[in-house]
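Q: Please take one part of this model and look at it closely. Then follow the chain outward from there, in plain steps.

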Amino acid sequence: MKKSILPIAFVIGACLLARPFPVAAEQRPVPPAAVGGVLDLDRWQTARDGPLRLAGQWEFYWGALLSPVDFRSGAAPEKTGWFNMPAVWNGISVDGRQLDGVGVATFRLRLRIDPRQGRQALIIPYAFTAYRLWVDDQPAVAVGRVGTSADHMVPGYRSRVVFIDTQTDGAVDLTLQISNFMHAKGGMRDPIRLVAASQAPGIMHRALVKDVMVFGCLLIMGIYHLAMFAFRRSDRFNLYFALCCFFFSMRASLTGEVFLLVLFPDLEWRITVRLEWLCVYLGGPLAVAFVHACFPSECNFRICRGGLAVAVILALMTLLAPPMVFTGMFPLISPLIVLMLAYCSWVLLVATLRGRSGALPMLLNLVLVIAAVVNDVLYANEVIHTGHYIPYGMLLFVFSQAMILARRSASAHRRLEATNVAHELEIRERKRAEAEVKAYRDRLEDLVKKRTDALALANRRLQQELDDRKTAEMEKSSLQERLQRAKKMEALGTLAGGVAHDLNNILSGVVGYPDLLLQDLPSDSPLRNPMLTIRQSGRKAAAIVQDLLTLARRGVADFKVLDLNRIVTDYLNSPEFEKLIQFHPAVSVKTRLAATPMYVKGSPVHLFKTVMNLVSNAAEAMPEGGVIRIQTESRLVDRPPDDDDAARTGAHIALTIKDNGIGISQDDMERIFEPFYTKKIMGNSGTGLGMAVVWGTVKDHNGFIDSGSREGAGSTFTLYFPATCERPAKAPARWCLGNHRGKGETVLVVDDVAEQRDLASAMLTKLGYRAEAVSSGEAAVDHVARRPVELLLLDMIMDPGIDGLETYQRILESTPGQRAVIASGYAETARIREAQRIGFATYLKKPYELESLAKAIRATLAK
């Protein structure tokens, strides 16, 4: 039952796309109508109010083809009367005679348009069966050739667009000639529409796309069912259904915008009208044949055969008789078509009551098809003025049949699978029974008992062995996973270290030289903004490198005492959070921060990124909106998690971030902290490093993570950091180059990269120090032994030769108390701490700027 809703939604959506939505009644004025051959448009603006039907009273001149010249002559033609357009003139009384469809007529209408509206356009539908239009005194468009007899006219079916320029006085005269000697009806059934010139192409394009879409869908489904009939000739309903699809797809191309003539402009009118009416007359009998093929037990074969006979007769008449004959038969055939479809509905109702598969959805869709047929019958007989809807009803029916066939195929497959399973079970049971019978036949009762006891004992031992093996396999699998994770982190750490060492050396120039040059550039220099941009780009690249080091847990973090509440508040006031809320406007954040400061020792940059990553993931998990709750509190931990041996007990600061989003599955929760594991689109929402960086940051701060989630119920992440009794140091005064200048102290730069030595020497010289440089640790040891210096600016990793720690250790042997600033973008944290422990050493992270270098040197010299 639910499957039949899909095609209904498809067709309704297609119709809505094809037709523009009307403006609300309270915002749109009432469309004016022509009165006395004049249509006043002073209160209607097409650009604002949309297309306007030129409906109402037109001047009517029967039996004459008049042009604007005839109305400018001294003796104006005598008017027959007023004609309510749009309509056909069949049944109109003129001089006491009821008109049929044959004849000629002229219609006139004066438009009064505000000249300020600009250029306008007329969308003109096809007429029965030729017309010619003048705008003021100029011929505007002609479809076919109008004439006073069948020999002098040429019929045509085309929609046209005419652009008109409003006169200064706003008056536009329309003169329309229509002649018909070919069709049973004469006149113009659809209205001429006035639109803004800029809107006309879009309206025509949407109408054409609508017809092409319906034609294409029906044609494809017809080909599909015809192919199914070719592979399975016994299913004759596929043949009848394919024919219905072909005929109604053809009719969709011959109504509305008649796009078949757009493809084949030289196609003769008689061929198009025969094709159109052939589709009309064959629709009902083919529907009866299709229902009979689907439900033969409920359908009378005689009625089906009679319907097909009627279809053959009507088809022959359509192909052989003049158009005037078969187009005039429709009022007589219409009740018969409606009766055929009503009989199909009755058959489907009976099949539904008997529980036939697919009968109910087919009945529901056929009711809508019948509604479309009734609409087209009433429209063709001038009872209503809606339009052609049979192709849409047929499109609905086609897609419902596709759903029914898919359901039947799935049901048949399930039944086949169930039968196969039942057969396999039966065979298995038979084999087991035969084995038992043979065992009872070959063995004595006591032997069976002994063997049974032995088998039971063996089974218990086997079960115990299987349990032990299963436990061992689980432990082995767990160890392998931990080993693989450790190898992955080790490989990532090696990769991050190499990248950080090389890239930070490169970035030192990108960050340092702009900083150095900015000191000498005047504030109005055109180079100042480019230099600031280069320095900012270098800072961003350095931050990415630092993320890699954090992920590998090999970075050297600058820990200080800080308030975790302040970290959360700073992020919520940051541009990053504002950008996140812009992408997720339906997400709100509520905080419940502890009333007292939550002091921890940590890196403000890394903790800021941790909060940012968790809040960003929570927002991504709520595509429909929701609430993110952030809470800080003090907790006493007496038992760390079982999977975290390094976690400590005691007083901790807990940071909880909770959302009510879509949640995380159990399988994903086990891998959520793995590097590069993500359920997002790479390059769009994330890279898979966010949660891994969170994990690395928490571990670097000697903390642990407690996480929980359930699909559909949101996720909760609680981060524990050891609390500290220390208090934050006072904020340093604002940096000024004059307050940090040296006094000519000698600083020895030790770095294996020439560019690094040049940059450091230039910056030291700028700061007022005397800079000397060597390229290796061995050279530094010799230099200090020969010529002592006040300070070493020492790179930690140098290749080849000894590294920075060993260099410093050797220098301290000969020069105890030697001060040093250790500059490195990557180094083991333990080696940095060892260098700080054995001497007066300060750590400076590459790439560094003039300010950080100046502060590090002054702080080291002050020790």
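## A residue in H5 and its surroundings

A: Asparagine 238 has its place in helix H5. Keep in mind that this is a predicted model.

Is asparagine 238 buried or exposed? Its relative accessibility is 1%. Buried means under 20%, so asparagine 238 counts as buried.

What does asparagine 238 touch? Leave out residues up to four places away in sequence, and the partners are His225, Met228 and Phe229. Alanine 227 gives a distance to go with these contacts. Alanine 227 and asparagine 238 are 11 residues apart along the chain. Their C-alpha atoms are separated by 8.6 Å.

Now widen the view to the core. Helix H5 spans residues 236–253 and supplies at least two residues to the largest nonpolar core. That core has 39 residues. Which of them touch the most other members? They are Phe290, Phe295, Leu348, Met362, Leu366 and Phe397.

Other helices also supply at least two residues each. They include H4 (200–231), H7 (269–294) and H8 (301–320). Further along come H10 (330–353), H11 (359–380) and H12 (390–442). The largest share is nine residues, and H7 provides it.

Pick out phenylalanine 295 from this core. Neighbours within four places in sequence are set aside here. Phenylalanine 295 then contacts Val347, Leu348, Ala351 and Arg356, among others. Its contacts also include Ser357, Gly358, Ala359 and Met362. Two of these names, Leu348 and Met362, were also listed among the core members that touch the most others.

Another core lies apart from this one. It has 37 residues, among them Leu52, Ala105, Ala127 and Val172.

A second asparagine invites the same look. Asparagine 613 is found in helix H17, residues 604–620. Its relative accessible area is 17%, so it is buried. Beyond residues up to four places away in sequence, asparagine 613 touches Gly690, Val693 and Val694.

A third asparagine sits elsewhere. Asparagine 702 lies in the loop between helix H19 (690–700) and strand E21 (704–710). Its phi is near 60°, a positive value in a residue other than glycine. At 36% relative accessibility, asparagine 702 is partly exposed.

Aspartate 95 also has a positive phi, near 55°, and is likewise a residue other than glycine. Its place is the loop between strand E6 (93–94) and strand E7 (97–98). Buried or exposed? Aspartate 95 is exposed, with a relative accessible area of 81%.

Next come two cis peptide bonds. One runs from methionine 85 to proline 86, with omega near 0°. Proline 86 lies in the loop between strand E4 (81–85) and strand E5 (87–88). Another joins phenylalanine 128 and threonine 129, and its omega is about -5°. Threonine 129 is in the loop between strand E9 (120–124) and strand E10 (130–135).

Move on to a pair of packed helices. Two packed helices are described by the angle between their axes and the distance between the axes. Helix H20 covers residues 754–766, and helix H24 covers residues 850–861. They pack at an angle of about 70°, with axes 11 Å apart. An angle of 65 to 115 degrees counts as roughly perpendicular, so H20 and H24 are roughly perpendicular to each other. On the H20 side, Met763, Leu764 and Lys766 make the contact. On the H24 side, Leu850, Leu853 and Ile857 do so. By class, the contact has five nonpolar residues, one charged and no polar.

Lysine 863 lies in the segment after H24. At 42% relative accessibility, it counts as partly exposed. The C-alpha atoms of lysine 863 and arginine 819 are separated by 8.3 Å. The two residues are 44 apart along the chain.

Finally, step back to the whole chain. How many helices and strands does it have? There are 24 helices and 27 strands. Of the 863 residues, 46% are buried. Consider contacts between residues at least 6 apart in sequence: 74% of them join residues at least 24 apart. The accessible surface comes to about 45000 Å², and 57% of it belongs to carbon and sulfur atoms.

Notes. Residues numbered from 1 in each chain as written. Predicted model: local features only at pLDDT ≥ 70, side-chain atom pairs only at ≥ 80, totals over all residues. Heavy atoms only, no water. Axes fitted to C-alpha atoms, helices over the stretch in contact; angles between N-to-C directions. Helix = DSSP H or I, 4+ residues; strand = E, 2+ residues; numbered from the N terminus. Parallel < 35°, antiparallel > 145°, perpendicular 65-115°, else oblique. Contact = heavy atoms within 4.5 Å. Nonpolar A, V, L, I, M, F, W, Y, C, P; charged D, E, K, R; others polar. Buried < 20%, exposed > 50% of the residue type's maximum accessible area, 1.4 Å probe, protein only. Areas by Shrake-Rupley, 256 points an atom, 1.4 Å probe, with all protein chains shown as cover. Core = buried A, V, L, I, M, F, W, Y, C linked by side-chain atoms within 4.5 Å.
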